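Please open the model in your viewer and keep the sequence panel beside it, since each stop on this tour begins with a selection.

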Amino acid sequence: AGCVVIVPDHVGHGERKQHPFPEAHPHDYHFRFDAAIQFYLTGDSLMGWMVWDQMRAVDVLLKQPGVDPKRVVAVSEPAGGGDVAAVTAAVDPRITAGVV
């Protein structure tokens, strides 16, 4: 279709799952709350960490053949990723548009 897509897992989700919550609740958002508190205690933030991850994903994307660096778009659905995509699009000048 003429596009290149990268779909990274957020911290604590997918292949990066770290929390012990039962599989009966695969969309358990308690992890985000717990992780946010832990990052806050270290002087960092979960949002900052997740945005940093997304910016590194853009690094990987831009190294792929055929990727036009002037046409990078962050796309996300709102549940669990929309806020991260919006903040990343706002702070990373390489992203030309954000769709949430």
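The tour goes from the whole chain to single residues.

This is a predicted model, in which local features need pLDDT of at least 70 and side-chain atom pairs count only at pLDDT 80 or more, whereas totals for chains, interfaces and linings use all residues. Residues are numbered from 1 along each chain as its sequence is written, and side-chain values use heavy atoms, with hydrogens and water left out.

Begin with the whole protein in cartoon view, where three helices and two strands follow one another in the pattern α-α-β-α-β; helices (H or I, at least four residues) and strands (E, at least two) are DSSP runs, numbered from the N terminus. Of the 100 residues, 30% count as buried, a term that means under 20% relative accessible area, with exposed over 50% and partly exposed in between (1.4 Å probe, protein chains only).

Next select helix α2, residues 46–62, whose end C-alpha atoms are 24 Å apart, in agreement with the 24 Å that its 17 residues should span at 1.5 Å a residue; the expected span is 1.5 Å times one less than the number of residues. Show the side chains of α2 and look for its buried residues, among them Met50, Val51, Gln54 and Met55.

Keep Val51, Gln54 and Met55 visible and add threonine 88, which is in contact with these three and with Ile95, leaving aside its neighbours within four places in sequence; contact means heavy atoms within 4.5 Å. Threonine 88 is placed in helix α3, residues 78–91, and counts as buried because its relative accessibility is 2%.

Now turn to the aromatic rings: which kind of pair do phenylalanine 39 and tryptophan 49 form? Rings of Phe, Tyr and Trp (its six-membered ring) pair if their centres lie within 6.5 Å, and planes under 30 degrees apart count as stacked, over 60 as edge-to-face and the rest as tilted. The count by this rule comes to one aromatic pair. The ring centres of phenylalanine 39 and tryptophan 49 are 5.0 Å apart and their planes are at 35°, so the pair is tilted. The two residues, ten apart, link helix α1 to helix α2. Phenylalanine 39 counts as buried at 14% relative accessibility, while tryptophan 49, with a relative accessible area of 38%, is partly exposed.

Finally, select tyrosine 40 in helix α1, residues 30–41, which counts as exposed at 65% relative accessibility.
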